[in-house]
Amino acid sequence: MSIFGGGRPEDTYSSRNLQKSAADYAGLTDRHICFVPSKGITSAMQGIWIDLLLVLSMMLFVGSLITEEKEKKLFFITRSTKYGVLHGIAAKLAALFLHCVLLTVLFYTVSIVCFGAGAGWFDPGASVQSVAAYTESSLPLSISEYILLSMLTKAVVLFGIGAVLTACCVGSGIAVLPFLAGAGITGISALLYYLIPAGSVFAAFKYLNPLGMMKTENLYGGYLNFNLCGHPVSRLVLSLVLSLLIGAAGVVGSLLLFCRMKNFGVRKLCLPLSLPFRPHTNPIRHEGYKLLITNRAFLILLLFAALLAYRSLDRDYTPSVGEQYYKSMMTELQGGLTDEKESLMLAEKARYEEALQKIEQVDAMVSAGELSADAADTMKSQANMVLAFYPAFQRVEAQYERIKTDGGSFVYDTGYLYLSGVLEDVFRVDFLLLAIGIVIAMSGAVSMEFETGSLFLIGATKTGKRKILLHKAAMCSAMAAVLAAVPLLCRLYRISTVYPMRNLTAAVQNIPAFRGLVVPMPLFCFILFLALSQVLAAVLTTLAVSVWRKNQAQTVFFALIILAVPMVLNLLGFGMARWFSLYPLYGWTGAW
């Protein structure tokens, strides 16, 4: 473009960009460039889920700094002291900065250690250009310097967002508004980053937002200039300047608003479509109305039920030719073993043995020099066509041999294997969505009484606090049961349309994958037991956290830490993380 664009080349953006790029790369040499396993370092430093966890922890910390003290009316006391205003907010911001730095270093250090142990260690003194994904970098950095700069940059961007949210907390009298603002900032940044094409004229909005600035693998591992009035300006420079400006604006705004603060308390967000509370004399109906209608859990459950149902119904199952053969055989054989079925098995087995013997004879003739390779392939073609279905027949034969030895019946097990997660790993994502939905919907089950102080009144009534909590547990269990049943029923319907699931009264041990189950039970009891375990895995921890924290926002955060974070780490490749969650109770059949 700079050569054939016409005009004076030195006056065009392309020419200036070429000259700037040449100058930026001029200082690089081939020193300290060596072979480095790239998988470990790139996987460790490009974890979008780690950044999301950092944002969530920062939001909770900001809430503890300002919103929690407003809820407890502590500012009426602290602001009357000598250092309660300017020094107080300065100390809060300093604590926020330390929180962002220390948590970023902790999270990414653990990530580097885990991915390094699993995918290969790297030489920290090697040039960052030794990593295949970072060869475009124009910075003379070592890998260790890149890691330190990346952590510091992420911490600064995180602090900038936190400082802005702190100013929102100080100026807002609504408890959840700062958290909504943080979720809005994160959501808008994600939309800008993932929806705007890299070559668009709006590419600056793609990269110059909180999410784009926290992706330090692009800042320090890549190279990009923006066209500002015909002059190339480095993305790295603009990102660093913008992050510092955001942080400075948040700090100044927090200081000014805190010094002039008038909202010393908080109130709940009242939506224009909120429904009035209607008390009931029946405790179960009363608690159900509070949770589902007043606390809007019904809408949350409906949303996550739609997500889980869509994910299950959108799955396409296309049986292979071998599976179709296995299906036809098992459909004809299902049930107990009879003489006719045994004759069919023996005839089919003899057909495969004949084909195997034919191939052995031809191979022996080739070894003796009696046949050429081409002639042997022609003679074996018919036998190979027969043996194409032999792996599927071996599954049938395994059930036949078991029935001959231990008794039982033939069961077409493919549908049950998909439903139980043996052939399809869907439980991890289902459990993550289910946990998030139940946590958000049930977070106010117990904390609403603690926050309003009504639990002390409830304790003095005839029904009493214990029965009220039992009623809440019953309602939450029913809500979780309905939500947990949605993906199971949708998958059951979708799978059964392709792989029929019959013989529901047959013992589950008839399925070879579950032959080791100690407790004998029919297949329909096995499905019910699977559903019950999935319900229990999602309910118990949420109720316990709600009673422990006595605060809805903290209940959501800590319940997600306990339920969702291990699954996120497991999806990122940390296999051991699932054992620190309730997932083994939810997806025990998939790991059988």
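This report describes the fold, one long-range helix, the aromatic pairs, the salt bridges and a surface patch of a predicted model.

## Overall architecture

The predicted model contains 26 helices and 4 strands, and of its 592 residues 44% are buried. When contacts between residues at least 6 apart in sequence are considered, 72% of them join residues that are at least 24 apart. The accessible surface of the protein comes to about 29,700 Å², and carbon and sulfur atoms account for 67% of that area.

## Helix α15 and its surroundings

Helix α15 covers residues 339-367, and its length can be checked against its geometry: at 1.5 Å a residue its 29 residues should span 42 Å, and the C-alpha atoms at its ends are 42 Å apart, so the expected and computed values agree. Just after α15, G369 takes a positive phi of about 80 degrees.

The buried residues of α15 are K341, E342, M345, E348, Y352, A355, I359 and V362. An α-helix has 3.6 residues a turn, so residues three or four places apart point the same way. The elements against which the buried residues of α15 pack are helix α14 (321-333), strand β3 (335-336), helix α16 (373-387) and helix α17 (390-406).

## Salt bridges

Side chains of opposite charge can pair when their charged atoms come close, and a search of the whole structure finds 14 salt bridges. One of them joins E342 and K404, with an N to O distance of 2.9 Å; because E342 lies in helix α15 and K404 in helix α17, this pair ties together parts that are 62 residues apart in sequence. E342 is among the buried residues of α15, whereas K404, with a relative accessible area of 45%, is partly exposed.

Helix α15 also takes part in a salt bridge between D363 and K380, whose N to O distance is 3.1 Å, and here the pair links D363 in helix α15 to K380 in helix α16, 17 residues apart. K380 counts as buried because its relative accessibility is 16%, under the 20% limit, while D363, at 33% relative accessibility, counts as partly exposed. Elsewhere, salt bridges that share partners join R315, E424 and R491 into one network. A further salt bridge is formed by K215 and E217, with their closest N and O atoms 3.1 Å apart, and both K215 and E217 are buried.

## Aromatic pairs

A pair of aromatic rings is described by the distance of the centres and the angle of the planes. The count comes to 16 aromatic pairs, one of which is formed by Y207 and F226, with 6.4 Å from centre to centre and 40 degrees between the planes. That pair is classed as tilted, because its angle falls between the 30 and 60 degree cut-offs.

Y207 lies in helix α8 (residues 203-207) and F226 in strand β1 (residues 225-228), so the pair ties together parts that are 19 residues apart in sequence. Both Y207 and F226 are buried, and ring pairs link these two residues with Y193 into a cluster.

## A nonpolar surface patch

On the surface, I48, W49, L52, L56 and Y194 form a nonpolar patch whose accessible area together is about 420 Å². Helix α3 (residues 48-71) contributes the largest share of this patch, namely 4 residues. One member, L56, is found in helix α3 and is partly exposed, with a relative accessible area of 33%; that value is over the 30% required of residues in a patch.

Terms used. Residues are numbered from 1 along each chain as its sequence is written. This is a predicted model: local features need pLDDT of at least 70, side-chain atom pairs count only at pLDDT 80 or more; totals for chains, interfaces and linings use all residues. Side-chain values use heavy atoms; hydrogens and water are left out. Patches are made of residues with over 30% relative accessible area and no salt bridge: like charges are joined within 9 Å, nonpolar side chains (Val, Leu, Ile, Met, Phe, Trp, Tyr) within 5 Å. Accessible areas come from the Shrake-Rupley method with a 1.4 Å probe; for residues, only the protein chains shown count as cover. A salt bridge is a side-chain nitrogen of Lys or Arg within 4 Å of a carboxyl oxygen of Asp or Glu. Helices (H or I, at least four residues) and strands (E, at least two) are DSSP runs, numbered from the N terminus. Buried means under 20% relative accessible area, exposed over 50%, partly exposed in between (1.4 Å probe, protein chains only). Contact means heavy atoms within 4.5 Å. The expected span of a helix is 1.5 Å times one less than its number of residues. Rings of Phe, Tyr and Trp (its six-membered ring) pair if their centres lie within 6.5 Å; planes under 30 degrees apart count as stacked, over 60 as edge-to-face and the rest as tilted.
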